[in-house]
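Reader: I have a chain open on my screen and would like to go through some of the labels attached to it. Could you take me through the reasoning behind them?

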Amino acid sequence: MRLKKEIVAMLLAGGQGTRLQILTKNMAKPAVPFGGKYRIIDFPLSNCVNSSISTVGVLTQFMPLELNSYMGNGSPWDLDRMYGGLSILPPYTGGESGDWYKGTSNAIYQNLNYIEQYSPEYVLILSGDHIYKMNYNEMLKFHKKNDADLTIAYIDVNLEEASRFGILNTYNDLSISEFVEKPKKPISTKASMGIYIFKWGELKKYLIKCEEMEGTSYDFGKDIIPMMLKEGKKLFAYPFKGYWKDVGTIESLWQANMDLLHNVEGLNIYDPLWRIYCRHYESIPQYIGKKAKLSNSMISEGSSIKGAVIDSVISSGVYVEEGAEIYNSVVMKNAHISANVKIYNSIIAEDAFIKSGAIVGHEKIELGKDMITVVGHKDIIEENQIIKKEI
């Protein structure tokens with residue numbers, strides 16, 4: 001007889017990531033590179049294993065090849081288990097009972113049998129496109145203490161950006177009194193992080209209800225949470241005080257990479273007590289040329305730097321020729337930066353080739369003005385060409 005699992009994690013990783021533009025043209029958003037050698041999905045997966053959660057279902061859909069290949073059997077995150085471990089869960093298409101995932105709640109509904117086999121007491125729902133470090137066990141303790149049917153992790157945000165999130169109000173005991181998904185006029189600044197812990201029995205019941213409703217959006221924020229609140233279920237809000245960033249836009253992805261360079265509190269990816277694990281391919285060291293100039297940058301293994309790299313994140317396999325200058329930028333795997341190229345405030349995608357004398361990006365930017373320039377996967381920028389984000 002198989003042992004029951006106290007908690008099963010379900011990681012929603014099927015999003016198209018349209019706001020990341022050409023970076024997600026050929027891959028799902030959670031597969032987008034981050035911090036030189038990581039992918040966005042490394043963060044929730046590492047949080048799971050660091051929180052001793054060893055059964056994780058990853059729900060994929062849009063352009064899953066890169067993401068599926070990267071995750072493999074889960075061994076980099078110690079999730080290659082005989083019972084439990086990491087499971088990749090694509091939608092069941094082509095049969096009478098299956099279809100593409102229609103929304104967040106429908107994605108979980110289509111995998112009820114996967115969860116049921118472990119007979120868990122609790123189910124943790126996660127998003128695959130956030131950068132943060134979080135101990136889910138502490139949230140589970142809070143959930144148990146309050147005997148909650150649903151606990152929602154939240155973070156305080158600025159009022160100006162609150163309309164981008166599900167916003168909640170609470171009583172003094174942190175029980176939830178109101179919840180509105182992406183309100184035009186926010187009722188508070190307590191923003192849902194898209195991290196939920198449900199009692200399994202309650203989750204199953206409301207997923208089935210949602211499927212049977214007319215006019216459903218198949219969404220946790222628009223359907224499941226308001227329905228549970230209306231029916232008087234015990235919903236609590238778990239406050240999170242650490243670093244958390246939704247990297248769903250070009251600027252937020254660029255900013256999160258820059259935060260790595262400036263020791264932003266809560267984003268120490270080298271903390272031995274809370275490691276961020278990844279699938280690591282490179283075993284050769286980086287090469288730093290005699291005339292190279294480096295300042296406050298992350299240079300990954302397997303890269304070759306002969307030019308100037310200032311306040312930038314460089315991935316493995318990147319080649320920077322002598323005379324090239326890179327400032328405040330993210331250069332992804334195997335990109336080639338030729339001699340006398342100047343790059344400012346940009347993201348250079350994997351396998352891009354920037355030829356001699358080209359200029360990429362705005363030398364000065366204003367945050368919030370959508371000024372980060374992007375060179376796409378395998379794009380070629382010709383000699384002396386000037387490429388800047390149109391504003």
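Author: Happily; below we take one residue, a sheet and a pair of helices in turn, bearing in mind that this is a predicted model.

Reader: Why is Ser87 called buried?

Author: Its relative accessibility is 18%, and buried means under 20%, so Ser87 counts as buried. Ser87 lies in strand β5, residues 85-89.

Reader: Which residues is Ser87 in contact with, leaving aside its neighbours within four places in sequence?

Author: They are Val56, Gly57, Val58 and Tyr114. Contact here means heavy atoms within 4.5 Å.

Reader: What makes β17 and β20 a pair?

Author: Two strands pair if DSSP finds at least two bridges between them. Strand β17 (residues 304-305) and strand β20 (residues 319-320) have two bridges, in the parallel sense, so the definition is met. Ser304 stands opposite Tyr319 of β20.

Reader: Where do these strands sit in their sheet?

Author: The order is β14-β17-β20-β23-β26-β29, an open sheet of six strands with parallel pairing. Why are β14 (287-288) and β29 (380-381) called edge strands? Each of them pairs on one side only.

Reader: And how do α6 and α7 pack?

Author: Helix α6 (residues 200-212) and helix α7 (residues 220-230) have axes 10 Å apart, at an angle of about 120°. The crossing of α6 past α7 is right-handed. Among the residues that meet are Leu203 and Tyr206 in α6, and Ile224 and Met227 in α7. The residues of this contact comprise eight nonpolar, three charged and no polar ones.

Definitions and conventions:
Residues numbered from 1 in each chain as written. Predicted model: local features only at pLDDT ≥ 70, side-chain atom pairs only at ≥ 80, totals over all residues. Heavy atoms only, no water. Helix = DSSP H or I, 4+ residues; strand = E, 2+ residues; numbered from the N terminus. Buried < 20%, exposed > 50% of the residue type's maximum accessible area, 1.4 Å probe, protein only. Axes fitted to C-alpha atoms, helices over the stretch in contact; angles between N-to-C directions. Left-handed = near helix turned anticlockwise from the far one by under 90°. Nonpolar A, V, L, I, M, F, W, Y, C, P; charged D, E, K, R; others polar.
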